[in-house]
Amino acid sequence: MNKKTKLAIQVIQPKILYFGTPVVLLSTLNEDGTTNLTPMSSAWALGNRIVLGLGGGGKGFANLLRCGECVVNLPDASHWGQVEKLSRLTGANPVPDYKRELYRFEHDKFSAGGFTPLASDIVKPQRVEECPLQIEAKVVNLHHSEGFAIIEVEVQKVHAHEAILLSEQHVNPTAWNPLIYSFRHYFGLDKELGKTFKSET
C-alpha cells in the first residue's frame with residue numbers, strides 16, 4: 001500500500017491578503033457631477049447583489065455614502081497597464097495625510113487611465129466603455145469600521161461587450177478574460193501580466 005506523502009504546511013503572517021480576485025474600476029459620483037474611478041480588488045457577486053470592500057478614507061467611499069450609486073466596471077486582462085496608471089491617484093482633494101507620500105490628486109481619472117466615459121441608463125456615475133462588463137448598481141447596505149467599508153449593492157442593469165457573449169443571458173467564459181489581482185500582481189486567466197507599485201515581491 002502506498003502511503004500518502006504528507007504536505008509541508010506552515011503558519012504564516014502575510015503582509016497582504018489579496019489572494020486573487022477580479023479587479024473592479026468603481027465609478028462613483030463627485031460633488032460636481034463628474035465621475036471618479038476607484039481601482040479596487042475586493043468584490044464578489046451573489047445573485048443580484050455585489051459586495052464591495054473599500055478603504056474607508058477614500059473618495060470612492062465618500063461618494064458612495066453621499067450618492068448611493070455606482071457602476072462596477074470589470075476590465076479585462078489587456079487593461080492592466082491602464083488600471084495601474086490609476087493606482088497612485090486619488091480623487092480626494094486635499095490628499096489625505098495617510099496617502100500623501102504615495103498618491104497625488106487627479107480629478108479626471110478617465111483621461112489619466114486612457115479610458116472613455118459612457119452615460120449610464122439608471123445611475124448617475126458614468127460607465128467605462130473599454131470594460132467588457134459594466135454593472136449599474138445602488139447601495140442597499142453598508143458597514144464601516146476600523147478604516148474599512150463593506151458595501152452591498154443591488155444590480156440595476158448589466159452592460160456587456162457583444163464579443164464576450166454567448167446569448168443575452170450568458171457570458172462566454174472562454175471569451176471573458178478578467179483582470180485578476182493576486183498578492184499585488186496582475187494576472188489574466190493564463191499568465192502574470194505585471195505587478196502594482198506596492199508589491200514587494
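In this predicted model, the side chains of Arg66 and Glu31 come together in a salt bridge, with an N to O distance of 3.7 Å. Arg66 belongs to helix H1, whereas Glu31 sits in the loop between strand E2 (24-29) and E3, so this contact ties together parts that are 35 residues apart in sequence. The two partners can also be described by their accessibility: Arg66 is partly exposed, with a relative accessible area of 40%, while Glu31, at 57%, counts as exposed. The contact does not stand alone, as salt bridges that share partners join Glu31, Lys59 and Arg66 into one network. The count for the model comes to eight salt bridges.

Arg49 is a good residue to look at next. Its closest approach to Glu152 brings N and O atoms to 2.7 Å in a salt bridge. This pair links distant parts of the chain, with Arg49 in strand E5 and Glu152 in strand E12, 103 residues apart. Arg49 also meets the side chain of Glu154 in a salt bridge, at 3.5 Å from N to O. Because Glu154 lies in strand E12 and Arg49 in strand E5, this pair ties together parts that are 105 residues apart in sequence. The three side chains have these accessibilities: Arg49 is partly exposed at 29% relative accessible area, Glu152 is partly exposed at 22%, and Glu154 is partly exposed at 25%.

The backbone offers a matching view of these strands. E5 and E12 run antiparallel and are joined by seven bridges, and within E12 the bridge partner of Arg49 is Glu154. Arg49 and Glu154 are thus linked through a backbone bridge pairing and through a side-chain salt bridge. E12 pairs with E11 as well, in the antiparallel sense and over twelve bridges; here Glu136 has Lys157 in E12 as its bridge partner. E11 and E12 form a hairpin with two residues between the strands, and in this hairpin Glu146 takes a positive phi near 50 degrees.

Several of these elements reappear around the largest pocket, which has a volume of about 1200 Å³. Its lining comprises 45 residues, and those closest to the pocket centre are Tyr18, Pro39, Met40, Gly55 and Lys198. At least two lining residues each come from strands E3 (35-40), E5 (49-55), E7 (89-90), E11 (133-145) and E12 (148-160), and from helices H1 (59-67) and H2 (80-86). E3 gives the most, with five residues. Helix H1, one of the elements in this lining, is also the helix that holds Arg66.

Elsewhere in the chain, four strands form an open sheet in the order E1-E15-E16-E17, with antiparallel pairing. E1 (21-22) and E17 (192-195) stand at the edges with a single partner strand each, so one side of each is left without a neighbour in the sheet. E17 pairs with E16 (residues 185-187) over three bridges in the antiparallel sense, and in E17 the bridge partner of Tyr186 is Gly194.

The surface also carries a nonpolar patch of about 350 Å², made by Leu17, Phe19 and Phe183. Leu17 is found in the segment before E1. Since exposed means over 50% relative accessible area, Leu17 counts as exposed at 58%.

Technical notes. Residues are numbered from 1 along each chain as its sequence is written. This is a predicted model: local features need pLDDT of at least 70, side-chain atom pairs count only at pLDDT 80 or more; totals for chains, interfaces and linings use all residues. Side-chain values use heavy atoms; hydrogens and water are left out. Two strands pair if DSSP finds at least two bridges between them. Patches are made of residues with over 30% relative accessible area and no salt bridge: like charges are joined within 9 Å, nonpolar side chains (Val, Leu, Ile, Met, Phe, Trp, Tyr) within 5 Å. Accessible areas come from the Shrake-Rupley method with a 1.4 Å probe; for residues, only the protein chains shown count as cover. A salt bridge is a side-chain nitrogen of Lys or Arg within 4 Å of a carboxyl oxygen of Asp or Glu. Buried means under 20% relative accessible area, exposed over 50%, partly exposed in between (1.4 Å probe, protein chains only). On a 1 Å grid over the protein atoms alone, a cavity is a set of points where a 1.4 Å probe fits but cannot get out, and a pocket is an open set with protein on both sides within 12 Å along at least five of seven lines; lining residues have an atom within 4 Å of a point. Grid points are joined across faces, edges and corners, and a volume is the space filled by probe spheres set on the points.
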